[in-house]
Amino acid sequence: MFLQRLKVILLSGLCMSFVNIIAESPGPLSEANLNLLPIYTLAYSFAFTIFAIPIQLLLFKTKLAKPFSLFPLLIYIIGALITFQLISMSDFHYDGLVFNDIISNIYIVSAGGFFWLWDSLIILNRQ
């Protein structure tokens with residue numbers, strides 16, 4: 001089970017790294033800085049380990065997790081929203097308005113969606 005959770009964490013971190021690199025590229029995709037991929041993958045994987053794994057374990061204990069169910073997707077997106085708020089509050093120029101920036105919304109939805117997708121594919125389909 002540990003290796004399956006590690007796969008979910010690393011694949012979610014990798015997907016979020018691609019989203020971050022594509023969203024933050026200054027021009028066309030050919031100008032994207034893919035040298036940052038390992039650093040972003042480790043950072044996102046660390047964030048998924050701290051914030052998403054406890055939610056995942058809680059869902060498994062309550063037996064609410066089923067493959068490709070919409071309820072865990074909603075829970076993961078809400079968890080990503082709370083996580084983004086906590087990380088933004090540690091920044092010195094926090095304005096409290098997450099929904100003003102479209103990039104923030106893309107990060108929140110894709111973080112919850114990617115974790116839910118890999119969780120459903122790797123862990124829930126094996127049970």
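Which pattern does the chain follow when read along the sequence? Colour by secondary structure and trace it: the pattern is α-α-α-α. Keep in mind that this is a predicted model.

**Stop 1: the whole chain**

Stay zoomed out. The secondary structure comes to four helices and zero strands. The chain has 127 residues, and 39% of them count as buried. Switch on the surface. Its accessible area comes to about 7,800 Å². Carbon and sulfur atoms account for 73% of that area. Now think about contacts between residues with a separation of 6 or more. Of these, 71% join residues 24 or more positions apart.

**Stop 2: helix 1 and helix 4**

Select residues 2-24, which form helix 1. Add residues 102-123, which form helix 4. The axes of helix 1 and helix 4 come within 9 Å and cross at roughly 150°. Angles over 145 degrees count as roughly antiparallel, so helix 1 and helix 4 are roughly antiparallel to each other. The crossing of the two is right-handed.

Show the side chains here. From helix 1, the contact includes Val8, Leu11, Cys15, Met16, Val19 and Asn20. From helix 4, the contacting residues include Ile103, Ile106, Tyr107, Phe114, Trp118 and Ile122.

**Stop 3: Asn20**

Centre on Asn20, which is found in helix 1. Is Asn20 buried or exposed? The cut-off for buried is under 20% relative accessible area. Asn20 has 9% relative accessibility, so this residue counts as buried.

Which side chain makes a polar contact with the side chain of Asn20? Select Tyr107: the two side chains make a polar contact at 2.9 Å. Tyr107 is also one of the helix 4 residues in the contact with helix 1. Next, add Tyr40 and Tyr44. Leaving aside residues up to four places away in sequence, Asn20 touches Tyr40, Tyr44 and Tyr107.

**Stop 4: helix 2 and helix 4**

Tyr40 and Tyr44 lead on to the next selection. Take residues 37-61, helix 2, and keep helix 4 on screen. The axes of these two helices come within 12 Å and cross at roughly 50°. That angle makes helix 2 oblique to helix 4. This crossing is right-handed.

Show the side chains again. On the helix 2 side, pick Phe48, Ala52, Ile53, Gln56 and Phe60. They meet Ala111, Phe115, Asp119 and Ile123 in helix 4. Now bring helix 1 back into view. Ala111, Phe115, Asp119 and Ile123 are also among the helix 4 residues in the contact with helix 1.

How values were computed. Residues are numbered from 1 along each chain as its sequence is written. This is a predicted model: local features need pLDDT of at least 70, side-chain atom pairs count only at pLDDT 80 or more; totals for chains, interfaces and linings use all residues. Side-chain values use heavy atoms; hydrogens and water are left out. Buried means under 20% relative accessible area, exposed over 50%, partly exposed in between (1.4 Å probe, protein chains only). A polar contact is a pair of N or O atoms within 3.5 Å; within protein, one must be able to donate a hydrogen and the other to accept it, and residues adjacent in sequence count only if both atoms are side-chain atoms. Contact means heavy atoms within 4.5 Å. Accessible areas come from the Shrake-Rupley method with a 1.4 Å probe; for residues, only the protein chains shown count as cover. Axes are lines fitted to C-alpha atoms, for helices over the stretch in contact, and angles run from 0 to 180 degrees between N-to-C directions. Angles under 35 degrees count as roughly parallel, over 145 as roughly antiparallel, 65 to 115 as roughly perpendicular and the rest as oblique. A crossing is left-handed if the near helix is turned anticlockwise from the far one by less than a right angle, and right-handed if clockwise.
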